[in-house]
Amino acid sequence: MKKVKAMASEEENCENFEERVLKLVEAGYETVAREAIACKRCPLYKSAIRRVIGKGSCNPKVFFIGEAPGKTENETGIPFYGRAGKQLDKMVEYMGLSEEDWFVTNTVKCRPPENRRPKASEIECCKPFLVAQITLLDPKIIILLGNTAEKSYCPERKLEWGVPVEHEGKTVLKLYHPAALIYTASKIEVQRAFIDKNRELWQ
Ligand code: SF4
């Protein structure tokens, strides 16, 4: 198996997207994680305590994409660890998924300072890790948790909430980010209706 070449230099430009994805996929999942842990390709590494690579099954039906690591995720290295994580757990339970059925990560692996949204350039720079993870884990469906996930995975499209589409050979569905359900409780019922309408996609 080919090895990915040495760690990228600090804030190296992020060109050659396809080439990077291909090398990561060929190198395998553990190398993707190792590369992401050592990565300095965008300025976000400066505010990261720990890289947040992802959690869940290595053979998932559903691949969730969130936004970016928050404070607790930055400290633990685990995505969706705090209140949003509890909401995600409730959502996953409502979807009828078991532990082996799902995986979750974010658009970027390092926490943006001041909890700001990741910039387009940072999302683009980190995207090869995301695409390599999706390629290697090969889920049935990708669920974009909010608009930032949409900007990362299919930036040229504007998806409707709760309406599945085909994108680059994968079924993609945009749902509300679990954090949005904490701040706007009325969205919980709407989210459940989206889930009910689309259950056959992961069952
Ligand atoms: S956010 Fe992604 S591209 Fe930027 S330094 Fe972290 S791992 Fe590298």
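Start by selecting residues 53–192: over this stretch the chain is 41% helix and 17% strand, and the end C-alpha atoms are 28 Å apart. Helices here are DSSP runs of H or I with at least four residues, strands are runs of E with at least two, and both are numbered from the N terminus. An unreviewed UniProt entry gives residues 53–192 the annotation "domain: Uracil-DNA glycosylase-like". UniProt positions are given in the numbering used here, feature names are shortened, and annotations may be inferred rather than shown by experiment.

Two notes before you go on. Residues are numbered from 1 along each chain as its sequence is written. The model is predicted: local features need pLDDT of at least 70, side-chain atom pairs count only at pLDDT 80 or more, and totals for chains, interfaces and linings use all residues.

**The ligand**

Next, select the ligand. 14 residues surround it, where being near means that a C-beta atom, placed from the backbone, lies within 6 Å. The closest are C39, C42, Y45, C110 and C126. Which helix gives the largest share of this shell? That is helix α5 (residues 120–137), with 3 residues. By class, the shell has 9 nonpolar, no polar and 5 charged residues. Ala, Val, Leu, Ile, Met, Phe, Trp, Tyr, Cys and Pro count as nonpolar, Asp, Glu, Lys and Arg as charged, and the others, Gly among them, as polar.

**Helix α2 against α5**

Keep α5 selected and add helix α2 (residues 29–38): the two pack at an angle of about 165 degrees, with their axes 10 Å apart. Axes are lines fitted to C-alpha atoms, for helices over the stretch in contact, and angles run from 0 to 180 degrees between N-to-C directions. The pair α2 and α5 is therefore roughly antiparallel (angles over 145 degrees; under 35 is roughly parallel, 65 to 115 roughly perpendicular, and the rest oblique). Show Y29, V32 and A36 of α2 with F129, A132, Q133 and L136 of α5 to see the contact, for which C-beta atoms, placed from the backbone, must lie within 7 Å. These residues divide into 6 nonpolar, 1 polar and no charged.

**Helix α1 against α5**

Finally, swap α2 for helix α1 (residues 17–27), which packs with α5 at about 45 degrees, the axes being 9 Å apart. So α1 and α5 are oblique to each other. On α1, pick F17, R20, V21, L24 and V25; on α5, pick P128, F129, V131, A132, T135 and L136.

Definitions and conventions: Contact = placed C-beta atoms within 7 Å.
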